[in-house]
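Subject: Structure for your review

Dear colleague,

Please find below the structure that I am handing over to you. I would be grateful if you would look through it alongside the notes that come after it.

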Amino acid sequence: MGRRQTNSELGRCALLALLFLGATSCCVVYTLLSSALRPTSTAPVVDAIDSGDDLGRREEAECCRGIEHLELWGAAVKWGSDFKLNSSEECCRACKAMCSGVDGPCLCDSWVFCGDRKACRANFGECWLKKQKDSFNPDRRDSGENVMWTSGLVFGKGEDIVGLHTEYGVLRIKVRSSPTELFPDCAPHSVAYILELLRLRHCVGCQLYRAEGRGISWDPQGNHITNAPFGPPYALIQGTLAADGTTTAFKEIQREEWPCPQIRRGSVAWVGSGPEFFISLANHHEWSQTYTVFGSLLPEDMEIAEKIAHLPTKQEVWSNIDVSVLDEPIRIRVVPVPFLYKS
């Protein structure tokens with residue numbers, strides 16, 4: 001299922017290429033290449049890497065977003081009727097400020113803001129800071145176009161980690177609020193979908209199906225080697241998080257607002273709007289901010305990802321791009337890691 005091009009953004013780009021065959025515009029070329037998880041440029045990128053990396057860190061540090069038309073419930077740690085701010089971003093940052101920065105939970109892990117002056121009326125500007133009983137299963141009061149509230153989550157350092165359970169080990173993904181680890185405040189729609197998968201307690205159909213190592217192009221730290229090609233191989237493992245047999249069919253994840261974090265070694269990102277995703281084994285600065293990053297692997301779990309990248313594969317061609325597809329797809333389950341390791 002997951003590796004058929006008809007079920008992914010890769011297939012859609014192949015159709016796009018057929019429809020626009022012969023066109024030479026840069027826009028079409030860019031779309032085709034990026035959708036196939038291929039670098040958009042083979043020119044030297046030393047200067048772009050330095051400046052782009054600094055920009056990426058600065059943009060990620062400024063992330064503080066929520067989901068519109070959603071009202072989260074939960075115990076209030078600061079009442080909105082007595083705490084009014086100018087924007088949802090300010091409300092988000094007020095919640096994040098209640099995280100100590102050391103291992104452990106945040107005093108505030110969710111926030112609710114009313115920013116529509118016409119709909120909110122007397123509630124306009126209210127910022128409610130809340131604490132959930134279970135941040136992986138937040139208490140929702142209401143959602144839909146008629147809901148005037150915007151809500152978001154904040155995860156404390158070491159508080160919650162999502163795991164992709166495979167036969168080779170658990171790939172642990174950090175989902176806390178941090179410039180390098182993510183990401184409910186940078187990719188709230190993406191993280192909401194991951195939390196939905198956790199509530200299902202199964203992920204039938206979820207699998208890894210593509211595996212490509214770093215080859216001669218990237219060093220063990222993920223840095224591009226001077227004058228080396230940008231692939232193939234493209235230093236990634238790819239799969240799908242579309243669960244079969246669920247009562248709710250997968251819906252395309254709403255595009256997160258720019259800027260999105262850049263692809264670095266360990267980044268976990270969607271292909272298009274999902275459910276196809278990939279884990280990067282290298283710092284792909286040449287991909288700029290093409291993909292929505294929604295998490296990053298714990299550094300110590302990169303060894304598992306590297307092992308998977310070197311499993312037996314066969315060669316296929318997707319949209320004129322050479323790719324390496326696993327001989328045997330690897331089934332994965334989305335699990336809450338703290339629960340997994342409880343004694």
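The notes below set out what was found, beginning with the chain as a whole.

Please bear in mind that this is a predicted model. The pLDDT averages 76 over the chain, and 68% of the residues score at least 70. Two stretches call for particular mention in this respect. Residues 6-36 have a pLDDT below 50, and in the model this stretch has 37 contacts beyond near neighbours in sequence. Residues 38-61 likewise have a pLDDT below 50, with 38 contacts beyond near neighbours in sequence.

The chain has 343 residues, of which 52% are buried. Its secondary structure consists of eight helices and 17 strands. Among the contacts with a separation of 6 or more, 73% are between residues 24 or more positions apart. The exposed area of the chain is about 16500 Å², and carbon and sulfur atoms supply 52% of that area.

I turn next to the disulfides. A disulfide is a covalent bond between the sulfur atoms of two cysteines. How many disulfides does a search of the whole structure find? The search gives five, and three of them are described here, including the one that joins C64 and C92.

In the pair C64 and C92, the sulfur atoms are 2.1 Å apart. C64 is located in the loop between α3 (46-61) and β1 (67-68), while C92 belongs to helix α4 (residues 88-96), so the disulfide ties together parts that are 28 residues apart in sequence. The torsion about the S-S bond is about -85 degrees, and the disulfide is therefore left-handed. Are these two cysteines buried or exposed? C64 has a relative accessibility of 2% and counts as buried; C92 is buried as well, with a relative accessible area of 0%.

Helix α4 also holds a cysteine of a second disulfide, C95, whose partner is C108. The distance from S to S is 2.1 Å. Since C108 lies in the loop between α4 and β4 (110-114), this pair ties together parts that are 13 residues apart in sequence. The link of C95 and C108 is left-handed, with -105 degrees about the S-S bond, and both cysteines are buried.

The third disulfide is formed by C203 and C206, with sulfur atoms 1.6 Å apart. The link of C203 and C206 is left-handed, at -50 degrees about the S-S bond. Both C203 and C206 are buried.

Finally, I would draw your attention to strand β12 and its partners. In strand β12 (residues 267-270), S267 and A269 point one way, whereas V268 and W270 point the other way. Which of these residues are buried? All of them are: S267, V268, A269 and W270.

Strand β12 pairs with strand β13 (residues 276-280) in the antiparallel sense, over three bridges. A269 has F278 of β13 as its bridge partner. The two strands β12 and β13 form a hairpin with five residues between them, and in the turn G272 has a positive phi of about 60 degrees. Strand β12 is also joined to strand β14 (residues 293-297) by three bridges, and these two strands run antiparallel. Here the bridge partner of V268 is G295 in β14.

With kind regards

Technical notes: Residues are numbered from 1 along each chain as its sequence is written. This is a predicted model: local features need pLDDT of at least 70, side-chain atom pairs count only at pLDDT 80 or more; totals for chains, interfaces and linings use all residues. Side-chain values use heavy atoms; hydrogens and water are left out. A disulfide is a pair of cysteine sulfur atoms within 2.5 Å. Helices (H or I, at least four residues) and strands (E, at least two) are DSSP runs, numbered from the N terminus. Buried means under 20% relative accessible area, exposed over 50%, partly exposed in between (1.4 Å probe, protein chains only). Contact means heavy atoms within 4.5 Å. Accessible areas come from the Shrake-Rupley method with a 1.4 Å probe; for residues, only the protein chains shown count as cover. pLDDT is the predictor's confidence in each residue, from 0 to 100. Two strands pair if DSSP finds at least two bridges between them.
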